[in-house]
Amino acid sequence: MRKIMSLMAASITLACLMGASAMAGTTLTYANFPPAPTFPCVQMEHWKAEVEKRTNGNIAVQTFPGSTLLGAKNMLRGVQTGQADIGCISTAYYPGVFPLISVVNLPVAFTSTEVASLVMWDMFQKYQPKEFKDVKVLTMFTSAPSHVMSKVAVKQLSDLKGLELRASGSILKILSGLGAQGVGMPMSQTPEALQKGVVKGLVSSYDVLKDLNFAEQCRYETVTNLPVYPFAIIMNKARWDALPAETKKVLDDLGREQAVWTGKYLDDYTSQALAWAKEKYQVEVFELTDTEYVEIKKQGEPLITAWKADAVEAGLDAEAILAEMLALKAKYEAQ
Ligand code: 3IO
């Protein structure tokens with residue numbers, strides 16, 4: 001009798017445990033490299049809330065901002081190997097790895113993050129580039145157009161001579177053409193580099209003036225309209241494959257929506273951040289002359305040529321891809 005009772009107790013306990021784990025569903029870990037207040041992490045929290053709501057709590061998302069799970073440079077590999085289920089990559093940190101999607105990082109004068117993010121998403125959908133074949137892409141978006149934020153005033157292009165500025169990807173090359181000293185590193189290393197004086201400033205979007213408090217050190221901002229940085233949110237392939245069909249549908253349906261949400265958020269937020277920096281630190285904003293903007297554009301042209309050569313090397317139809325991107329850009333800008 002005692003034996004039967006304890007057997008029953010054990011099976012009740014087991015049933016409860018199984019029930020609890022079925023109710024708790026799946027927890028997905030989501031790694032991000034920059035600190036929590038920055039826009040890649042803001043969009044991550046928004047996505048988490050939407051996913052948890054739309055799956056009725058069947059999926060829980062555990063977020064790790066600020067390189068607490070994976071850093072900027074081991075993000076891609078870390079997601080591929082399953083150290084995190086989901087991760088955020090800035091594709092400019094992986095030279096040569098993304099020959100197709102790096103087209104979005106070219107100097108083609110995006111003025112809207114929403115447009116750039118939609119263009120990136122559509123390009124991915126249309127071409128399904130094999131550079132992403134080892135991961136599942138959940139969404140994509142870009143940073144806002146990039147400007148110079150500096151400890152020294154850049155009032156004219158010649159003030160860039162020899163100036164050490166942090167950047168990544170195509171912007172690094174444009175900087176060298178303009179006589180500046182580009183220093184390549186991820187955003188997550190930039191606060192320390194600025195603090196130590198390794199760089200005198202950076203080239204990125206204005207959101208970081210506020211979110212990383214760069215306005216305190218970089219009191220001079222110069223409007224340069226340089227490229228946007230492309231981002232991809234990637235998921236471990238095996239973890240994706242193991243999800244139930246209805247969960248996959250929720251996540252797939254969110255892809256484009258999240259790109260639009262993030263683009264709109266950042267377009268709005270960069271103006272707020274700049275206004276905040278003016279108010280709090282009296283930062284000065286310089287615009288260049290028309291001739292200088294033409295010079296910046298000229299410095300960007302060899303990059304487009306170089307991108308085409310790399311794309312052809314990677315077996316891509318570079319001309320068609322570039323034309324398609326410009327057509328999408330024109331389409332969304334007209335809307
Ligand atoms: C960026 C990256 C991380 C956090 C906030 C950010 N705002 C703009 C960017 C783009 C950039 O400079 C980069 O390195 O991806």
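**Exercise 1.** Which residues of α11 are buried? Then compare the expected and actual span of this helix.

*Solution.* The model is predicted.

Step 1. A residue counts as buried when its relative accessible area is under 20%. In α11 the buried residues are Ala318, Ile321, Leu322, Met325, Leu328, Lys329 and Tyr332. They lie on the same side of α11, because they cover an arc of only 125 degrees around the axis.

Step 2. Identify the partners. The buried residues of α11 pack against α4 (113-127), α9 (245-281) and α10 (290-313).

Step 3. Helix α11 comprises residues 318-334, 17 residues in number. At 1.5 Å a residue the helix should span 24 Å, and the end C-alpha atoms are 24 Å apart, so the two values agree.

**Exercise 2.** Repeat the span check for α10, and state what its buried residues pack against.

*Solution.* Step 1. With 24 residues at 1.5 Å each, α10 should span 34 Å; the distance between its end C-alpha atoms is 36 Å, which agrees.

Step 2. Buried residues in α10 are Glu292, Ile296, Gln299, Gly300, Leu303, Ile304, Trp307 and Ala311. Their packing partners are α5 (170-177), β9 (220-226) and α11.

Step 3. Look at what follows the helix. After α10 comes Gly315, with a positive phi near 85 degrees.

**Exercise 3.** Describe the contact between domain 1 and domain 2. How many salt bridges cross the interface?

*Solution.* Step 1. Domain 1 consists of 26-143 + 229-269, and domain 2 of 146-228 + 273-334. Their C-alpha centres are 22 Å apart. Domain 1 gives 38 residues to the contact and domain 2 gives 37 residues.

Step 2. About 3,300 Å² is buried between the domains, 68% of it on carbon and sulfur atoms. On the domain 1 side, Pro107, Tyr229 and Tyr269 lose the most area, together 21% of what that side buries.

Step 3. Zero salt bridges are found across this interface, although a search of the whole structure gives 14.

**Exercise 4.** Where in the chain do Lys136 and Asp252 lie, and is each one buried or partly exposed?

*Solution.* Step 1. Lys136 and Asp252 form a salt bridge, with the closest N and O atoms 2.8 Å apart. The pair links distant parts of the chain: Lys136 belongs to strand β4 (residues 135-142) and Asp252 to helix α9, 116 residues apart.

Step 2. The relative accessibility of Lys136 is 18%, so Lys136 counts as buried. Asp252 is partly exposed, at 40%.

Notes. Residues numbered from 1 in each chain as written. Predicted model: local features only at pLDDT ≥ 70, side-chain atom pairs only at ≥ 80, totals over all residues. Heavy atoms only, no water. Helix = DSSP H or I, 4+ residues; strand = E, 2+ residues; numbered from the N terminus. Expected span 1.5 Å × (residues − 1). Buried < 20%, exposed > 50% of the residue type's maximum accessible area, 1.4 Å probe, protein only. Arc of directions from axis to C-beta. Contact = heavy atoms within 4.5 Å. Domains from an automatic or database assignment. Buried area = accessible area lost by both parts, 1.4 Å probe. Salt bridge = Lys/Arg side-chain N within 4 Å of Asp/Glu carboxyl O.
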